[in-house]
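Me: I am new to this structure. Could you show me how to read it, one feature at a time?

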Amino acid sequence: MQQTTIHRPVETQGVGLHTGVESKVSLMPAPADTGIVFRRVDLDQFLIEAHGSNVARVSYATSLMKQGVLLSTTEHLLAAIYSCGIDNIFIDIDAIEVPILDGSAEPWMQLIDAAGIRKLRRKRRYLKVIKPVEVVEDGRRIAIFPCDEFHVRCYVDFPHPQVGQQEVEMVVNAQSFRQVLSRARTFCFESDIAPLRSMGLIRGGSLENAIVLTKDGIMNGPLRFSDEFGRHKALDLIGDLALVGLPLLGRVEARKAGHALHTQLVSKLLADTSSWIITTEEREPVAGETTELLQSPAAAD
Ligand SMILES: [Zn+2]
C-alpha cells in the first residue's frame with residue numbers, strides 16, 4: 001500500500017466548542033513522510049505534529065501543545081483523516097481551537113470528499129502492535145493487542161435511560177467510519193453545563209453542535225442513532241489513536257474510557273518500543289474497502 005495525501009486544498013470555518021473562538025481551517029496536500037501536521041497560520045505557520053509527544057492537557061477534549069502553543073479539540077477532524085487513510089496532510093488553522101461544526105465528523109468527511117485522496121509513490125508505514133499494552137484506572141480500562149487490522153471495540157455505560165450500556169465493534173476504514181461513526185454527535189448532560197461553563201469550557205456549545213441529555217430525556221432530539229453516544233465515543237477514540245502518528249495494525253478495546261485514558265494508552269504504547277514494530281507489510285486489501293475514495297491511481301510525491 002502506498003502513502004496518500006489529499007488532491008487539492010479545501011477549507012471550512014466555524015466556532016470552537018470550548019473557547020467559542022471562530023477559526024478557519026484549510027486542509028492542504030503534503031509530501032510523503034510528512035504525517036498529519038497542524039500549522040498555526042496566525043503564529044507564523046508554527047508546526048504542531050498530531051503526535052503523542054505533543055499531547056497537552058486532556059479533559060473534555062484533546063489538546064496538543066508544543067513550545068507553549070496550544071491547539072484544542074483535535075479529535076473529530078483527526079478521526080476523519082485517520083479513518084480515511086490519509087497519511088500526509090497539513091491542517092492550516094488561524095486560531096486555538098478546531099471548529100466543532102455540527103458536533104460530528106460528517107462535515108469533515110464531506111470536506112475530505114471535496115478534496116479527494118491521491119496516492120504518493122512512497123510505501124505506507126504501519127505501526128504494528130506485537131505485545132499488549134494496557135491502562136487501567138478506577139474501573140475504566142483501555143488496551144491494545146496484536147492484530148493484522150485496525151480494529152476497535154468501545155464500550156460505554158452511562159446511568160441514563162437514553163444511554164445505558166452501548167458497545168461498538170468494528171474494523172476501521174473509510175467505509176465503516178463513514179457508515180457507522182462519522183455522523184454521531186458530541187453530547188453532554190444538562191446538569192454538567194453550568195459546571196463546565198464555570199470552568200471556562202463549552203463557550204461555543206449550542207443545541208446545534210451537541211446533544212443535550214436532560215434528567216431522563218433529550219433536549220434536542222431526535223437522535224441520529226439510538227446508540228449515538230456509544231458511536232460518538234468510538235469516534236473520539238479513533239481521533240485520539242491518530243496521535244500514534246502512523247496507521248495502526250492493532251485491536252483496541254476501550255471500556256468506559258475517555259480522552260485522558262485514550263491519550264495515556266498512546267503515550268504508553270509509543271514509550272514501550274518493545275510492544276510494536278514499524279512495517280510496510282500489510283494483508284491483502286479487501287475489495288472495495290477504501291478504494292472508493294482513491295480518485296487518482298498514481299501521482300508524484
Ligand atoms: Zn467528541
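Reply: Gladly. Keep in mind that this is a predicted model. Start with one pair: Ser26 stands opposite Asp92 in E9.

Me: Which strand holds Ser26's side of that pairing, and how many bridges join strand E3 (residues 22–29) to E9?

Reply: Strand E3 covers residues 22–29. It is joined to E9 by 5 bridges, and the two run antiparallel.

Me: Which residue of strand E4 stands opposite Asp92 in E9?

Reply: Arg39 does. Strand E4 (residues 36–40) is linked to E9 by 5 bridges as well, but E4 and E9 run parallel. Asp92 thus has Ser26 opposite it, and also Arg39.

Me: How do I read the two faces of a strand?

Reply: Side chains in a regular strand alternate between the two faces of the sheet. Now take E9. Ile89, Ile91 and Ile93 lie on one side. Phe90 and Asp92 lie on the other. All of these are buried, so both faces of E9 are covered.

Me: Why is E9 called largely enclosed?

Reply: Because 5 of its 5 residues are buried, E9 is largely enclosed by the rest of the structure. Strand E1 (residues 2–6) can be read likewise: 4 of its 5 residues are buried, so E1 is largely enclosed too.

Me: What does E1 pair with?

Reply: Strand E10 (residues 117–123). There are 4 bridges, and the strands run antiparallel. Thr5, for instance, has Arg118 as its bridge partner in E10.

Me: How do I spot parts of the chain that meet in space?

Reply: Compare sequence distance with spatial distance. Ala115 and Ile6 are 109 residues apart in sequence, yet their C-alpha atoms are 5.9 Å apart. Ala115 sits in helix H2. Beyond its neighbours within four places in sequence, Ala115 is in contact with Ile6, His7, Arg8 and Val10.

Me: Is Ala115 buried or exposed?

Reply: Buried, because its relative accessibility is 0%.

Me: How do I read a helix with buried residues?

Reply: An α-helix has 3.6 residues a turn, so residues three or four places apart point the same way. Now look at helix H3 (residues 174–181). Its buried residues are Ala174, Ser176, Phe177 and Leu181. Seen down the axis of H3, they fall within an arc of 165 degrees, so they line one face of the helix.

Me: What covers those buried residues of H3?

Reply: The cover includes H1, helix H2 (106–115), strand E15 (164–171) and H5.

Me: Which residues bind the zinc ion as donors?

Reply: His76 and His232 each give NE2, and Asp236 gives OD twice. These atoms lie 2.1 to 2.7 Å from the zinc ion. The donor residues are spaced H-x155-H-x3-D in sequence. His76 is in helix H1 (residues 75–83) and His232 in helix H5 (residues 228–241), so-called distant parts of the chain, 156 residues apart. Both histidines, His76 and His232, are buried.

Me: How do I judge the geometry of a metal site?

Reply: Look at the angles. The ideal is 109.5 degrees for four tetrahedral donors. Here the 4 donor atoms of the zinc ion make angles of 52 to 147 degrees, and the site is irregular.

Me: How do I read a small sheet?

Reply: Take the strand order, then the edges. One open sheet has 3 strands in the order E6-E7-E8, with antiparallel pairing. Its edge strands are E6 (55–58) and E8 (69–72), each pairing on one side only. The twist averages 30 degrees from one strand to the next. Helix H6 (residues 259–271) packs on this sheet and touches E6 and E7. The direction of H6 makes about 155 degrees with that of E6.

Me: How many bridges join strand E7 (residues 62–66) to E8?

Reply: There are 4 bridges. One partnership is Lys66 with Val69 in E8.

Me: What should I look for in backbone angles?

Reply: Exceptions. Most residues other than glycine have a negative phi, and most peptide bonds are trans. Gln67, in the loop between E7 and E8, has a positive phi near 45 degrees. Gln67 is exposed, with a relative accessible area of 69%. Leu101 has a positive phi too, near 55 degrees. Leu101 lies in the loop between strand E9 (89–93) and H2, and is partly exposed at 21% relative accessible area.

Me: Which peptide bond is cis?

Reply: The one from Gly221 to Pro222, with omega near 0 degrees. Pro222 is in the loop between strand E17 (211–213) and H5.

Notes: Residues are numbered from 1 along each chain as its sequence is written. This is a predicted model: local features need pLDDT of at least 70, side-chain atom pairs count only at pLDDT 80 or more; totals for chains, interfaces and linings use all residues. Side-chain values use heavy atoms; hydrogens and water are left out. Donors are N, O and S atoms within 2.8 Å of the metal (3.2 Å for Na, K and Ca); water is not among the atoms, so sites may look incomplete. Four donors count as tetrahedral if all angles lie between 85 and 135 degrees; four count as square planar and six as octahedral if opposite donors are over 155 degrees apart and all others between 65 and 115; anything else is irregular. Buried means under 20% relative accessible area, exposed over 50%, partly exposed in between (1.4 Å probe, protein chains only). Two strands pair if DSSP finds at least two bridges between them. Axes are lines fitted to C-alpha atoms, for helices over the stretch in contact, and angles run from 0 to 180 degrees between N-to-C directions. Contact means heavy atoms within 4.5 Å. The arc is that of the directions from the helix axis to the C-beta atoms.
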